[in-house]
Amino acid sequence: MTTAPLLDVSGLRVAFPGRGWRAEPVEVLHGVDLTVGSGEAHGLVGESGSGKTTIGRAVLGLVKTTAGTISFGGRDITRASGRARRALSRDIQVVFQDPYTSLNPSLTIGDILAEPLVVHGSAPADARRRVRELLDRVGLPADAAERLPREFSGGQRQRVAIARALAPEPRLIVCDEPVSALDLSTQARVLDLLLDLQRRTGVAYLFISHDLSVVRHMCHRVSVIHRGDIVETGPAAAVTSAPRHPYTRRLMLASPVADPVVQAGRREERRRLAEAERAAPPA
Ligand SMILES: Nc1ncnc2c1ncn2[C@@H]1O[C@H](COP(=O)(O)OP(=O)(O)O)[C@@H](O)[C@H]1O
Ligand SMILES: [Mg+2]
């Protein structure tokens, strides 16, 4: 590739204050390298607590980094704050996991969607037109604009959150487990919506998930994170069908399958792999 990636995370370290009196800081990211190309869906997969959300929050400027750089569109944004950060919020948006806490319950859907538009300078009439367009694009009825979040199901609220992220026409959306809180059939429909939106708009995704099968369905490339280190990166098809790292193999066995017999066999193999890993930790 000759052009610079859209997002370039390099040597990223993040530490949180330790708990208790005079506790040492605890490092949770140990030098993460990750790139997302323009228009790419890049999966970031790993089990709970591995550091996925922290990477997303670092990209959004919501956690302090201790080392490394984050570049966006060729510009170093590692320490962007104030006005520079607000300008970036046009280009980098986010969809969080929990659609029940991510929408302000006292605003109508129309106000929720208009807010980012008005912040970035749209006239009210333009914003209203764009809100109708956005609702249509995410498959919600036009009258949703007058209603409150509590009148909607989890899947519908997640559609609102996606519409809000799309509103300023960003170049990157950090999707942090965007379907994990939804039931399975709703998950599939929301994932299809995200795929469709990407095809239409060319927006890039940093798509965070603990589920390898979701990432396989959604992403061009995948990075696998294990306890704050990226252990494997490659084309989604390769990483998810022929993983090279034992940890990725364990994740693959952990993604749910419908057949309880297959599931039990996988559980057994996962246990054996975990044991082997404990006996000889991968480098
Ligand atoms: N604000 C915080 N303060 C202290 N520790 C944190 C904070 N946020 C996350 N952590 C810790 O950092 C590690 C990575 O968390 P996180 O990035 O949320 O993982 P994931 O999203 O993969 O589940 C975990 O051990 C978590 O407890
Ligand atoms: Mg998380």
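L44 stands opposite S223 in strand β9 of this predicted model. The pair belongs to the contact between β3, residues 41–45, and β9, residues 221–226. These two strands run parallel and are joined by four bridges. On another side of the pairing scheme, β3 also meets β8. Here five bridges are found, and the strands again run parallel. V45 of this pairing stands opposite S209 in β8.

Strand β8 spans residues 204–209. It is mostly covered, with six of its six residues buried. One face carries A204, L206 and I208. The other face carries Y205, F207 and S209. Residues on both faces are buried, each with a relative accessible area under 20%. Strand β8 also pairs with β7, again through five bridges and in parallel. Within that pairing, L172 has A204 of β8 as its bridge partner. Thus A204 appears both on a covered face of β8 and in a bridge to L172.

These pairings are part of an open sheet of six strands. The strand order is β6-β7-β8-β3-β9-β10, and the pairing is mixed. Strands β6 and β10 form the edges, each pairing on one side only. Strand β10 covers residues 229–235. From one strand to the next, the twist averages 15°.

Helices lie across this sheet. Helix α5, residues 154–166, lies across β6 and β7. Strand β7 comprises residues 172–176. The helix runs at about 175° to β6. Helix α9, residues 246–254, lies across β3, β9 and β10. Its direction is at about 100° to β9.

A further open sheet is built from four strands. Their order is β2-β1-β4-β5, with antiparallel pairing. Strands β2 (26–36) and β5 (75–76) each have a single partner strand, so one side of each lacks a neighbour in the sheet. Between β1, residues 7–16, and β4, residues 67–72, there are five bridges. These two strands run antiparallel. In this pairing, R13 stands opposite A67 of β4.

Attention then turns to the pockets. The largest pocket has a volume of about 490 Å³. Its lining comprises 18 residues. Closest to the pocket centre are S89, I92, Q93, V94 and P116. By class, the lining holds 10 nonpolar residues, four polar residues and four charged residues. Three elements each supply at least two lining residues: α2 (82–88), β6 (92–95) and α3 (109–119). Helix α3 gives the most, with four residues. Strand β6 therefore has two roles in this description: it is an edge of the six-stranded sheet, where β6 pairs on one side only, and it supplies lining residues to the largest pocket.Helix α1, residues 52–59, contains T53. This residue is partly exposed, with a relative accessible area of 37%. That value falls between the 20% limit for buried residues and the 50% limit for exposed ones. In sequence, T53 and L107 are 54 residues apart. In space, their C-alpha atoms are 26 Å apart.

Terms used. Residues numbered from 1 in each chain as written. Chains lettered and ligands numbered in written order. Predicted model: local features only at pLDDT ≥ 70, side-chain atom pairs only at ≥ 80, totals over all residues. Heavy atoms only, no water. 1 Å grid on protein atoms, 1.4 Å probe; cavity = no way out; pocket = protein on both sides within 12 Å on 5 of 7 lines; lining within 4 Å. Points joined across faces, edges and corners; volume = space filled by probe spheres on them. Nonpolar A, V, L, I, M, F, W, Y, C, P; charged D, E, K, R; others polar. Pairing = 2+ DSSP bridges. Axes fitted to C-alpha atoms, helices over the stretch in contact; angles between N-to-C directions. Contact = heavy atoms within 4.5 Å. Buried < 20%, exposed > 50% of the residue type's maximum accessible area, 1.4 Å probe, protein only.
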